Structure formats: C-alpha cells, structure tokens
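Here is a walk through one protein model, from the whole chain down to single side chains. Keep the structure open as you read.

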Amino acid sequence: MPKTINHGTRQGYDKHIREKTPTCQPCKDAQAAYMREKRKNNPEQNKKQRERERTRNNERYQEYKANPEQHERLKRNWQKKNRTREVKPEWEERNRQREEERKREHKAWLKTPEGQAWRKQRDQENKTRREQQLATRRKEREAWLQTPEGIAHEQAHLERERSRWRKKAMLRYERSKVLGSPEYGRALYQRAKRRIVERGQRSAGRAATGWELKQRLIYFKHSCWICSCHVDEGSLTWDHVKPISRGGSLLASNLRPACAECNSFKRDVWPLTKEFLEEIRKHKNNLIEEEKVS
C-alpha cells in the first residue's frame, strides 16, 4: 500500500519530487523555510553554492549562444509538457504576500547597524570592482594604442578634428567678411590653424589632455615610475617612455610621471632595459646620499 504524503513537511516535498506530482504550497513553504535556515547557518557553503550556480549559468548561456535554435526547441517542448500543471489562485496570492513581506523585512533590516554595515561593505566591494575594471580597460586601451590599428585610429581622429576646425574657421572667416571685418576673420583663421598644428603634434597622434594626465598621475599614485619616490607639483615632470626623437608619440599611453633627476638622467635612451633603469635608480640614490652628507 503506497504511503500518503505528509503535507507541510520536507519529506512531503521530496515525495512530490520523486513521484513527479504537482507540489502543494504547504510543502513548498516547508522546503523554503528549511533552505532559509540552512543558508543562514552555513554562509560559506551558501557562497560556494552561489559560485557554482553562477558558473553553471554562464556555461548554459555559452551553450545557448552556440546553438540557440536547439534551446528554443527544448523550451517549447518543456512548456508543452508542463502546460497542464495546476496553479491555484490562492497560491499565487500567498506567494505575492510572502514576497512583499520579505521586501519589508529587508528594508527594515537595512536600517539596522548590521544592515548598514553590510550595505557599506557591498558599496566598497562594488567600487573596488569598478576601479579594477577601469584599470584593466585603461591598460588594454593603452596597449591597443601602441598597435598599428590604434595608431591608425588616432590619426583618423586627428584628421576628423582638423577637418572640423577648418570648417569652423572658414565659416567664421566668411561671416566676418559679411560683417565687414576681414582682418578679424583672418586672425580667427590663423588661430584655428595654429590650434590644428598644436593638436596634431608631429602627426604621431593627438596630444594628451589635462584630464588624461591627471588620470595617469592617479594611476601611478603620484610617484615616479622609475624610482617610486613621491612627486608633487614642484618636482613633477612628464617622461616620454619612447622619446619623441625616436618616434614616440604625445599620447597619454606614452607619458609617465617622473622626478626631475630620473627624467634628466634617462635622456632619450631607447629601448629601455632593466639594467639601465636600475642604473638610474642607483644614480638617484647616490644623489640623495650626497645631499645628506652635505
């Protein structure tokens, strides 16, 4: 004689699953309460479970991207097979009320010291993750700008800027002729032309902007990239890693903050080697020791 299902217990929920019968709401509630208690008592295991679920979902997504037609077909078959499953209106209403209650409890918990500490930690983790992502993207872009494709992209950007400023200068010149002051229009045209040349900077790409230099300084933590000493506004110089005389560019990817001593000793040496950088550091240490002695 088959055993009856004990509704409202985990055993009843397991029996529903084994016999593939529609799960009643009391059994679902018992299983949900058990899982909540389990997650609360085993945070490390819960974290590992989330990692496994995240990995499994990523794998499924990659499979779906590889063959979306097959997944759509399986989805339609599953919907056709489970279309007759009974869903009672009172169950839906209970689930909605439970979800609203959970949201209210979560909002109230966020106002407690534990909730505020959790939110602060979460915000800090998100900020750190965003900073790491930005640093990674910045490194990738700097490396890409050194490739032939990146250099071609920068040169195309420079040509677009030149064309835009030429059009603007010509419009001002034509407008000044209409207004009866050709000298003023000619001065505007010459100023725009000088600006084009300054922005071009030896056809090696556009010059680094002030915002880019500030970001580079923050990236190197206001330190010399050779000897790691702190640099302020008085001792800050910008070193072209690949010197302009050797074909280097004025892009932000080719600029690094350096102290005056290291920058002057480096000169226009290219390519750089570890031995030469170590020699620069020794030279800087000798200068510091001489200052202490004197």
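## The chain as a whole

The protein chain exposes about 22,800 Å², and carbon and sulfur atoms supply 51% of that area. Bear in mind that this is a predicted model. Of the 294 residues in the protein chain, 20% are buried.

On to secondary structure: the protein chain has 11 helices and two strands. Going along the sequence, the pattern reads α-α-α-α-α-α-α-α-α-β-β-α-α. As for how the chain meets itself, take the contacts between residues at least 6 apart in sequence: 47% of them join residues at least 24 apart.

## Helix H1 and its two sides

Let's start with helix H1, which covers residues 10-19 and has Gly12, Lys15 and His16 buried. How do those buried residues sit around the axis of H1? Looking down that axis, they fall within an arc of 105 degrees, so they line one face of the helix. Part of what covers these buried residues of H1 is helix H2 (25-41).

Turn to the other side of H1 and you find Gln11 and Arg18, both exposed. Just after H1 comes Lys20, with a positive phi of about 55 degrees.

## The largest nonpolar core

As a general point, nonpolar side chains in soluble globular proteins tend to be buried together. Here, the largest nonpolar core has 12 residues: Phe220, Cys224, Trp225, Ile226, Val231, Ala258, Cys259, Cys262, Phe265, Phe276, Leu277 and Ile280. Which elements give two or more residues to this core? They are strand S2 (255-259), helix H10 (260-266) and helix H11 (274-293). H11 provides the largest share, with three residues.

Cys224 is a handy core residue to click on. Leaving aside residues up to four places away in sequence, Cys224 touches Cys229, Val231, Pro257, Ala258, Cys259 and Cys262. Of those neighbours, Val231, Ala258, Cys259 and Cys262 are also listed in the core.

## Rings next to rings

The structure holds three aromatic pairs. One of them joins Trp109 and Trp118: the ring centres are 5.8 Å apart and the planes are at 55 degrees, so the pair counts as tilted. Are these two tryptophans buried or exposed? Trp109 is partly exposed, at 35% relative accessible area, and Trp118 is partly exposed too, at 36%.

Phe265 and Phe276 make a stacked pair, with 6.4 Å centre to centre and 15 degrees between the planes. This pair links distant parts of the chain, since Phe265 is in helix H10 and Phe276 is in helix H11, 11 residues apart. Phe276 has a relative accessible area of 13%, which makes it buried. Both phenylalanines are members of the largest nonpolar core.

## Charges over rings

Phe265 has another partner: the charged end of Arg267 sits over its ring, 5.8 Å from the centre. Trp225, also a core residue, has a similar arrangement with an arginine. The charged end of Arg256 sits over the Trp225 ring, 4.7 Å from its centre.

## Glu279 on helix H11

Back on helix H11, have a look at Glu279. With a relative accessible area of 42%, Glu279 is partly exposed. Between Glu279 and Lys266 there are 9.6 Å in space, C-alpha to C-alpha, and the two are 13 residues apart in sequence.

## Positive phi between H9 and S1

Where does Lys221 lie? Lys221 is in the loop between helix H9 (210-219) and strand S1 (236-240). Its phi is near 60 degrees, a positive value in a residue other than glycine. Lys221 is exposed, with a relative accessible area of 66%.

His222 lies in the loop between H9 and S1 as well. For His222, phi is near 55 degrees, again positive in a residue other than glycine. At 34% relative accessibility, His222 counts as partly exposed.

How values were computed
Residues numbered from 1 in each chain as written. Predicted model: local features only at pLDDT ≥ 70, side-chain atom pairs only at ≥ 80, totals over all residues. Heavy atoms only, no water. Core = buried A, V, L, I, M, F, W, Y, C linked by side-chain atoms within 4.5 Å. Buried < 20%, exposed > 50% of the residue type's maximum accessible area, 1.4 Å probe, protein only. Helix = DSSP H or I, 4+ residues; strand = E, 2+ residues; numbered from the N terminus. Contact = heavy atoms within 4.5 Å. Phe/Tyr/Trp six-rings, centres within 6.5 Å; stacked < 30°, edge-to-face > 60°. Lys NZ or Arg CZ within 6 Å of the ring centre and 35° of its normal. Areas by Shrake-Rupley, 256 points an atom, 1.4 Å probe, with all protein chains shown as cover. Arc of directions from axis to C-beta.
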